[in-house]
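Student: I have a fold open on my screen and would like to go through it with you. Could we take it one question at a time?

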Amino acid sequence: MYAKCSDMCSAQKVFDDMHERNLVTWNTMVVGYLQNKCYCQACLVIREVFREGLVTPDQVSFSSALSASANMGGLEFGRQLHGVILKHDLVGLAYVKNSLMDMYSKCGSSNDVVKLFHVLMDRDVVTWNVMMMGCVYNNGYEEACSYFKRMMCGGIVPDEASFSTILHACSCLSTLVQGAIFHDQILKCGIGNNNCIRSSIITMYTKCGNLHDAYKVFEDIENPNIVCWSAMISAFQQHGYADHVIEYFEKMVQNGIFPDYITLVSVLSACSHSGKVELGFKYFNAMTELYGIIPGNEHFACMVDLLGRAGQLHEAKCFIQSMPIKPDSTVWGALLGACRKYGNLEIGREAAEKLFALEPNNSGNYILLSNMYSRMGLPKEADEIRRLMGLSMVRKEISCSWIDVKDKTFVFTSHDRSHLMSVEIYKMLARLEELVKKRGYVARTEFAINNSVEEYKERNLWYHSERLALACGLLILPDGAPIRIKKNLRTCGDCHTVLKLASEIFEREIVVRDVNRFHRFFNGKCSCGDYW
């Protein structure tokens with residue numbers, strides 16, 4: 001009772017006063033600490049069980065201890081538990097084997113997970129789920145999809161956890177066709193009314209760039225819970241529909257559902273992207289006053305971004321200095337991004353230095369500051385930042401974009417000529433260049449700073465990976481079909497301009513998912529409002 005009421009101090013007192021303790025007593029303490037996220041204490045209790053030697057641990061003891069070890073990243077202790085489990089000949093029990101796989105997955109030991117999985121002959125749906133979750137946890141999204149297919153071929157019927165996991169994998173891969181197939185399977189299995197599944201479907205469509213279908217799923221839910229509301233509000237925010245975020249947030253509150261930590265991140269971000277400074281502070285203050293939520297770095301980052309976008313850079317800096325918690329990279333990154341927009345080198349340099357210390361291997365921070373120097377006419381300082389990158393052994397990630405056509409994915413890097421249709425793609429690029437220039441396009445060569453000669457800078461811009469992907473989509477996809485492009489880095493300002501013009505010229509919806517957000521280009525405009 002005390003454990004389930006989150007009062008482990010009282011539970012421990014009752015435990016300490018007991019003269020006789022059986023296995024159930026010990027297990028209750030281990031499980032209690034686990035449920036209350038006191039993972040170290042849970043492990044200490046199981047150690048005491050082994051030291052006392054008065055009771056023999058069972059699968060509940062070991063499963064709970066393994067879960068605690070997994071959540072605290074205690075690989076060495078997990079290996080010790082594995083050895084004891086083998087001695088007690090309990091490895092074949094369902095709870096134990098699945099907990100072992102989960103522990104190795106969360107501790108980053110993928111090889112041990114695979115070995116265990118292949119050794120186990122009796123695999124239930126939970127075993128497969130743990131395997132898929134482990135893949136997702138370690139960014140192996142394609143492997144997760146592969147295991148799901150193998151599970152289906154083996155006659156194992158997927159459950160809610162299976163579909164939630166595989167939808168998450170599709171979201172990360174941004175594979176719309178595959179995600180739609182899984183949606184269809186969910187409906188056939190008769191579990192489409194599960195709110196957890198529905199929220200996963202909304203997220204999948206959102207991250208695959210299909211906001212329309214995400215909204216359709218949400219509209220079909222009779223009584224959406226906080227998870228569903230948050231998924232839909234987040235969808236609007238990611239696609240740049242700030243007014244919809246605020247509208248649906250107010251609807252949710254009116255329906256008697258209080259927001260959670262994640263919901264308010266989306267709402268504050270929407271206020272930031274729409275320039276609603278006063279409303280943003282209203283919601284920020286309401287977090288603790290009305291909803292009892294303690295702001296985290298994500299919320300503070302949104303507020304810094306809110307002030308930064310409004311050009312209030314000194315106020316944003318003062319806000320950071322007044323934070324009750326230590327600002328992380330998201331907070332300083334928001335400030336650096338605002339400094340880039342307004343060309344404030346003084347504050348931008350300070351923010352960048354903080355980021356160099358927090359994220360020494362993140363090349364984006366170095367490049368952002370270097371670009372700021374270049375745009376301000378300070379090439380020596382820009383070169384110095386790039387030299388610092390070299391000294392710190394930081395390498396810029398190669399930019400690439402990809403586009404899905406039916407069951408094929410075409411990947412492009414800058415100046416790429418590996419595609420079978422390269423000749424046609426470059427002809428399309430030349431045609432696009434001619435058309436946009438007629439609309440008044442002038443190349444922003446500051447986004448191609450690697451070349452010293454101006455004409456080479458402009459030419460370099462036209463071979464950026466997202467433009468190659470766009471040309472491919474214009475050639476292959478049917479007239480009028482949306483073109484969905486994914487990019488691993490932030491899309492540059494010049495490409496952003498070209499994509500806006502292309503959406504108007506070809507009368508196409510173009511959706512680009514870059515590392516920051518979604519850009520929906522339609523009729524010459526972008527959902528981001530030209531700031532991202």
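Student: In which loop is His415 found?

Tutor: Happy to help, and do keep in mind that this is a predicted model. Look for the strand β2 (408-413) and then for helix α24. His415 is found in the loop between β2 and α24.

Student: What is the phi of His415 near?

Tutor: Most residues other than glycine have a negative phi. His415 is a residue other than glycine, yet its phi is positive. The value is near 65 degrees.

Student: Is Ser174 buried or exposed?

Tutor: Ser174 is another residue with an unusual backbone to look at: it is not a glycine, but it has a positive phi of about 60 degrees. You can find Ser174 in the loop between α10 (160-173) and α11. Its relative accessible area is 2%, and the cut-off for buried is under 20%, so Ser174 is buried.

Student: Now for charges. How many salt bridges are there?

Tutor: Side chains of opposite charge can pair when their charged atoms come close. The cut-off here is a side-chain nitrogen of Lys or Arg within 4 Å of a carboxyl oxygen of Asp or Glu. By this rule the count is 18 salt bridges.

Student: In the salt bridge of Asp184 and Lys188, is Lys188 buried or exposed?

Tutor: The two side chains meet at 3.3 Å, N to O. Asp184 and Lys188 both lie in helix α11 (residues 176-189), 4 residues apart, about one turn of the helix. Asp184 is partly exposed at 36% relative accessibility. Lys188 has a relative accessible area of 68%, and over 50% counts as exposed, so Lys188 is exposed.

Student: Which residue forms a salt bridge with Asp305?

Tutor: Follow helix α18 (residues 297-309) from Asp305 for about one helical turn, which is 4 residues, to reach the partner, Arg309. Asp305 is buried at 13% relative accessible area, and Arg309 is buried as well, at 14%. With the closest N and O atoms 2.7 Å apart, the residue that forms the salt bridge with Asp305 is Arg309.

Student: Which residues are joined into one network with Glu433 and Lys437?

Tutor: Start from the salt bridge in which the side chains of Lys437 and Glu433 meet, at 3.1 Å, N to O. These two are 4 residues apart in helix α24 (residues 422-438), about one helical turn. Lys437 is partly exposed at 40% relative accessibility, whereas Glu433 is buried at 11%. Salt bridges that share partners join them into one network with Glu458 and Arg459.

Student: Are α18 and α20 roughly parallel or antiparallel?

Tutor: Their axes are 8 Å apart, and α18 packs with helix α20 (residues 329-342) at an angle of about 10 degrees. Angles under 35 degrees count as roughly parallel, so α18 and α20 are roughly parallel.

Student: How many nonpolar residues are in the contact of α18 with α20?

Tutor: The crossing itself is right-handed. On the α18 side the contact includes Phe300, Val304 and Asp305, and on the α20 side Val331, Leu335 and Tyr342 are among the residues met. By class there are 3 polar and 2 charged residues, and the nonpolar ones number 8.

Student: Is the crossing of α22 and α23 left-handed or right-handed?

Tutor: Helix α22 (residues 363-375) and helix α23 (residues 379-391) have axes 7 Å apart and pack at an angle of about 165 degrees. Over 145 degrees counts as roughly antiparallel, so that describes these two helices. As for the hand, α22 passes α23 in a crossing that is left-handed.

Student: Leaving aside neighbours within four places in sequence, which residues is Thr288 in contact with?

Tutor: Thr288 is found in helix α17 (residues 277-289), and at 44% relative accessible area it is partly exposed. Its C-alpha atom is separated by 34 Å from that of Asn210, 78 residues apart along the chain. With those neighbours left aside, Thr288 is in contact with Ile293, Ile294 and Pro295.

Terms used. Residues numbered from 1 in each chain as written. Predicted model: local features only at pLDDT ≥ 70, side-chain atom pairs only at ≥ 80, totals over all residues. Heavy atoms only, no water. Buried < 20%, exposed > 50% of the residue type's maximum accessible area, 1.4 Å probe, protein only. Axes fitted to C-alpha atoms, helices over the stretch in contact; angles between N-to-C directions. Parallel < 35°, antiparallel > 145°, perpendicular 65-115°, else oblique. Left-handed = near helix turned anticlockwise from the far one by under 90°. Contact = heavy atoms within 4.5 Å. Nonpolar A, V, L, I, M, F, W, Y, C, P; charged D, E, K, R; others polar.
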